[in-house]
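Student: Got a minute to go through this structure with me? I'd like to start broad and then pick at a few spots.

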Amino acid sequence: MSEEDDDIILSELDDDELVQQMFDDLYDGLKEEIEEGVNILLERGWSPYDILTKALVGGMTIVGNDFRDGILFVPEVLLAANAMKGGMAILKPLLVETGAPRVGRMVIGTVKGDIHDIGKNLVAMMMEGAGFEVTDLGINNSVEKYVEALKTEQPDILGMSALLTTTMPYMKVVIDTMKEMGIRDDYIVLVGGAPLNEEFGKAIGADAYCRDAAVAVETAKKFVARKHNQGVTG
Amino acid sequence: MTDALTRLLADRDWLMADGATGTNLFNMGLGAGDPPELWNVDEPDKIRTLYSYAVNAGSDLFLTNSFGGNASRLKLHDAQHRVRELNRVAAELGREVADASGRTVIVAGSVGPTGDIMVPMGSLTHESAVEMFHEQAEGLKEGGADVLWLETISAPEEYRAAAEAFALAGMPWCGTMSFDTAGRTMMGMTSADMVKMVEKLPNPPIAYGANCGVGASDLLRTVLGFAAQGTERPIISKGNAGIPKYVEGHIHYDGTPELMGEYAVLARDCGATFIGGCCGTMPEHLEKMHEALSTRPRGPRPTLDEIAEKLGGFSSATDGTGDEEPARRRTRRRG
């Protein structure tokens, strides 16, 4: 933050320095600088997938860790995610064009009766920040809506969120329905929300309870890697 | 002319607030996700019963059933055009119950968060927030609320917008925030920061403090953080009755009435003047709290260890007010 840093010219940095600078710029939520950085790396012949995973996801991992550790809070994370989004808007069409490998896919929504979505939105943003494709079902989702989305989106992960102690039991309804349909084990089921805890996650048959958005990302990565190693298709 | 709450405070060195609204209404049959505010008009007897729980347990004030009564929340139920009406009736029912009690009971018009994130991170502008809070404030005022009671706020911007709206309505007010993330609000505000913000407001609240959050222990750590700032303004402590647990298909708060009685006395020893509960605090908890506050002597300010020993441990090692906080990554922010 000293004065000589005020005139950093991104295009004059070498690749390693530029990626480090992009980590910093994501941390500071500087959207225009991230867009510029992405464009420079593209011009230098970087593949869209490398830019995503090495520069953007790498930077968001630092943001996520500091959020998890109580160093950054929601406002900073929202700004960082917004900067990330700027970079992703450039990369997304190119990723499709180049047939880049997918990190993973998630369907997420708050459960029936629950209209509180700040936590769910944070998870969706951080998951996108980690390179996942996220389908956001919004608030107040019935079991039918979740099941329908599982069919159409074919995600690796189903994420359910609840803020109310009165709505969190509905997560079990969804999981029980998936069991009855014989599709429970086709998906990784992650649950979260202020009143939940690990014990509750286990009790209802979820794969994991995620304390916050950063933990959700870590957990998602871990489970997806495990799933891929088992050779199970999503 | 001083307001009824300020007059009451002149004679008393502690006041008992109320307990849970949502938890009690759910027990009366409110469906998950249904807006409680509609019951002001559709089920007024149940709302009177809710208010009487607090009055019968000895509370000096209770909050109206209007927490989600702003346009942004009601819009989710397509009831945004009923803000004025639902808030007015919430306060009218409260006035009725309070006036029939035969003693001074304050009707505090509950105002909760909009649920939206304010600019620049979100889309809610300061002007829209003020307008929404003002509309709600006018309804509560019209219904006869003695004071307005802002609660469960996370963002300092939203707290300030509500304060501005309450000035427009010409109403005295109290306002609490919810400290649920590593001892801070979701938006990162510490207890110490809140005191600074409150004291800078052009129309500061009669009292300020914390509600909801994690458990009773965390809430008292926040109260100690307020008290450490050394200002004279009365402090509010409204903690949850423990932590919600999932028991055989139902949610149960693990704080017993006896534990909440202990919490109430500790809250007063920590420096709180207004002591109440939040989620999970039922009439039986309030009774024990009132009994404890009425019969037990004041003690010295408890240490964090003493709080943990009596009420259980904290959800995070620190709360952002000490010197041993983890530091932000040093970045090279450009101008």
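Tutor: Sure, let's take the chains, their contacts and a few details in turn.

Student: What kind of model is this, and what scores does the predictor give the complex?

Tutor: This is a predicted model. The predictor assigns the complex an ipTM of 0.81 and a pTM of 0.88. For chain B, the mean pLDDT is 93, with 98% of its residues at 70 or more.

Student: OK, chain A then. How many helices and strands does chain A have?

Tutor: Chain A has nine helices and five strands. Going along the sequence, the order is α-α-α-α-β-α-β-α-β-α-β-α-β-α.

Student: And what radius of gyration does chain A have, against what a compact globule would have?

Tutor: Chain A comes out at 19 Å, which agrees with the value near 17 Å for a compact globule of 234 residues. Its C-alpha atoms fill a box of roughly 60 × 35 × 25 Å along the principal axes. As for burial, 52% of the 234 residues of chain A count as buried. Of the contacts in chain A between residues at least 6 apart in sequence, 74% join residues at least 24 apart.

Student: Which domains does the assignment give for chain A?

Tutor: Domain 1 covers 3-98 and domain 2 covers 105-229 in chain A. The centres of these two domains, over C-alpha atoms, are 27 Å apart. Where they touch, domain 1 of chain A puts in 13 residues and domain 2 of chain A puts in twelve.

Student: Which elements on the domain 1 side of chain A give two or more residues to that contact?

Tutor: Helix 3 and helix 4 of chain A. Helix 3 of chain A has the largest share, eight residues. By type, the domain 1 side of chain A splits into nine nonpolar, three polar and one charged.

Student: Switching to the two chains. How many residues of chain A are in contact with chain B?

Tutor: 34 residues of chain A, meeting 27 residues of chain B. On the chain A side, helix 1 (15-27), helix 3 (48-68), helix 4 (74-98) and helix 8 (198-204) each supply at least two residues. Helix 4 of chain A gives the most, with four residues. The chain A side consists of 19 nonpolar, seven polar and eight charged residues.

Student: Now helix 8 of chain B: mostly covered or not?

Tutor: Mostly covered, with ten of its 14 residues buried. The buried ones include B:Tyr159, B:Arg160 and B:Phe166. Helix 8 of chain B runs over residues 156-169 and reaches 20 Å from its first C-alpha to its last, close to the 20 Å expected.

Student: What do those buried residues pack against?

Tutor: In chain B they pack against strand 3 (106-111), helix 7 (126-142), strand 4 (147-153), strand 5 (173-177) and helix 9 (191-200).

Student: And what follows helix 8 of chain B?

Tutor: B:Gly170, which has a positive phi, near 65 degrees.

Student: Last one. Where is B:Ala210 found, and why does B:Ala210 count as buried or exposed?

Tutor: B:Ala210 is found in strand 6 (residues 207-212) of chain B. B:Ala210 counts as buried because 30 other C-beta atoms lie within 10 Å, and the cut-off for buried is 20 or more.

Student: Which residues does B:Ala210 touch, leaving out those up to four places away in sequence?

Tutor: Among them are B:Thr176, B:Met177, B:Phe179, B:Leu219, B:Val223 and B:Ser237. B:Phe179 is 31 residues from B:Ala210 along the chain, and their C-alpha atoms are separated by 6.9 Å.

Conventions. Residues numbered from 1 in each chain as written. Chains lettered and ligands numbered in written order. Predicted model: local features only at pLDDT ≥ 70, side-chain atom pairs only at ≥ 80, totals over all residues. Rg over C-alpha atoms; globule rule 2.2 N^0.38 Å. Buried ≥ 20, exposed ≤ 12 C-beta atoms within 10 Å, placed from the backbone. Contact = placed C-beta atoms within 7 Å. Nonpolar A, V, L, I, M, F, W, Y, C, P; charged D, E, K, R; others polar. pLDDT = per-residue confidence, 0-100. Domains from an automatic or database assignment. Expected span 1.5 Å × (residues − 1).
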